[in-house]
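I sat down with this one and kept notes as I went. Here they are, in the order I looked things up.

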Amino acid sequence: MTNHSGHGQTGHSAHTGHGDHGAHGSHAGHAGHGGHSAHAGHGAHAAHGGARPGGLAVSESGYTLELDTAIFTAGAQPVRFRVIGPDGRPVTEYTPEHEKELHFIAVRRDTAHFQHVHPVRDEQGTWSVELALEPGDWRFFADVHPVGHSGSITLGIDASVAGQYDPQPLPEATGTALIGEYSVALDGELLPGEASELTLTVSRNGSPVTDLQPYLAAYGHLVALRAGDLGYLHVHPEGEPGDGTTAPGPGITFMAVAPSAGTYRLYLDFQHEGTVRTAEFTVRTPALRPQAAPRAESRTAPEHQGHRHGAHAHH
């Protein structure tokens, strides 16, 4: 699968150092914001989107994402936006998902720069957050559950940052990401149309990390984006802190479903010793394998077939 460290040496470094540098510093710094950690549990959100990616549209189910401006200069600056409801007015009532009313993801379209933050909202429904923006084309995602709507929705909108744009190629898929003295190993396959387990194992200086800190009802949060259109996938962690069975590391397990074959970027946020860090991966998802012809006996035992496929039915 992937390595974000190698990419770290190129333009993607912004991401590798995400936990330590400015933008992700917004991560680290966001810890105090209640921010970054906030999105961890958001992973559990996963199932609400199933295998259908979100964030491909600026408007969905009568809700629309609206920016104050979609053109920015490079550097750290405030970003303001609203979610406009079916009545044409900014939404001011939300059902919190994993302790936050809104989860906000900003990613440059080449995936080299990524931030996961939690904006604040005023009484009129305008959200604001500071982002560290590099020149290029960006995609902003707002993940929300408006009161009165049946569930969560992910809205996406494009933004442009002026300046010399140096797009970076996707890093190769290697299965290990390095972030300073931390390394994260990725095990498992992301499969199209089928739920599969992904386990990310955190080490520090070669030793397993067994005291990860809860990050909004989870020990980690995983965002998956499809390269090419940045389709946003919801991925949920298995278990939660304090449930009596989920250990605080070194492994964090997620269930995920890819909507199609292709290349995906995974971003794992985890918190240790008060700092949130992000490990990045590139994952190649194979095309669906042809189904094997059913064996004769399975035709006389349909319950076996039901059992075999039941695993993905609930997804």
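**Entry 1: salt bridges**

A reminder to myself before anything else: this is a predicted model. I began with charged pairs and found 13 salt bridges in the structure.

I picked Glu-66 and Arg-82, whose side chains meet in a salt bridge with an N to O distance of 3.0 Å. Which parts of the chain does this pair tie together? Glu-66 sits in strand E2 (residues 63-67) and Arg-82 in strand E4 (residues 75-84), so the bridge connects parts that are 16 residues apart in sequence. I checked how covered each partner is. Glu-66 counts as partly exposed because its relative accessibility is 35%. Arg-82, at 13%, counts as buried.

Next I looked up Glu-172, which forms a salt bridge with Arg-284, and here the closest N and O atoms are 3.8 Å apart. This pair links distant parts of the chain, 112 residues apart. I placed Glu-172 in the loop between strand E10 (153-161) and strand E11 (176-179), and Arg-284 in strand E20 (residues 275-285). Is Glu-172 buried or exposed? Glu-172 is exposed, with a relative accessible area of 54%, while Arg-284 is partly exposed at 40%.

My last pair was Arg-226 with Asp-229, a salt bridge at 2.6 Å, N to O. Arg-226 counts as buried at 15% relative accessibility, whereas Asp-229, at 27%, counts as partly exposed. I also noted a network: salt bridges with shared partners join Glu-66, Asp-68 and Arg-82.

**Entry 2: nonpolar cores**

I then turned to the nonpolar residues. How many residues does the largest nonpolar core have? I found 27, and the residues with the most contacts inside this core are Val-184, Leu-268 and Phe-270. I wanted to know which strands feed it. At least two residues each come from E11, strand E12 (182-187), strand E13 (196-204), strand E15 (221-226), strand E18 (251-256), strand E19 (262-272) and E20. E19 gives the largest share, 4 residues.

I followed Val-184 outwards, leaving aside residues up to four places away in sequence. Among the residues Val-184 touches are Ile-179, Leu-200, Val-202, Ala-279 and Phe-281. Val-184 also touches Leu-268 and Phe-270, the two residues listed with Val-184 for the most contacts inside the core.

There is a second, separate core too, with 26 residues, including Val-91, Ala-142, Val-144 and Ile-153.

**Entry 3: strand E15**

E15 had come up in the core, so I gave this strand its own look. How many of the residues of E15 are buried? I counted 6 of 6. Both faces are covered: His-221, Val-223 and Leu-225 are buried on one side, and Leu-222, Ala-224 and Arg-226 on the other. That puts Arg-226, the salt-bridge partner of Asp-229, on a covered face of E15.

For the neighbours of E15, I found antiparallel pairing with E19 over 6 bridges, where Val-223 stands opposite Tyr-267. E15 also pairs with strand E16 (residues 231-234), again in the antiparallel sense, over 4 bridges. Leu-225 has Tyr-232 of E16 as its bridge partner. The hairpin of E15 and E16 has 4 residues between the strands, and Gly-228 there takes a positive phi near 110°.

**Entry 4: two open sheets**

I closed with sheet order. One open sheet of 5 strands runs E1-E2-E4-E8-E7, with antiparallel pairing. Why do E1 and E7 each have a side without a neighbour in the sheet? Strand E1 (59-60) and strand E7 (120-121) stand at the edges with a single partner strand each, so one side of each is left open in the sheet. E1 is joined to E2 by 2 bridges, and Ser-59 has Thr-64 of E2 as its bridge partner. E2 and E4, which hold Glu-66 and Arg-82, follow one another in this sheet order.

The other open sheet I looked up also has 5 strands, in the order E3-E10-E9-E5-E6, with mixed pairing. Its edge strands are strand E3 (71-72) and strand E6 (114-117), each pairing on one side only. Strand E5 (residues 102-108) pairs with E6 in the antiparallel sense over 4 bridges, and Gln-115 in E6 is the bridge partner of Ala-106.

Note on methods:
Residues are numbered from 1 along each chain as its sequence is written. This is a predicted model: local features need pLDDT of at least 70, side-chain atom pairs count only at pLDDT 80 or more; totals for chains, interfaces and linings use all residues. Side-chain values use heavy atoms; hydrogens and water are left out. A salt bridge is a side-chain nitrogen of Lys or Arg within 4 Å of a carboxyl oxygen of Asp or Glu. Buried means under 20% relative accessible area, exposed over 50%, partly exposed in between (1.4 Å probe, protein chains only). A nonpolar core is a set of buried Ala, Val, Leu, Ile, Met, Phe, Trp, Tyr and Cys residues joined through side-chain atoms within 4.5 Å. Contact means heavy atoms within 4.5 Å. Two strands pair if DSSP finds at least two bridges between them.
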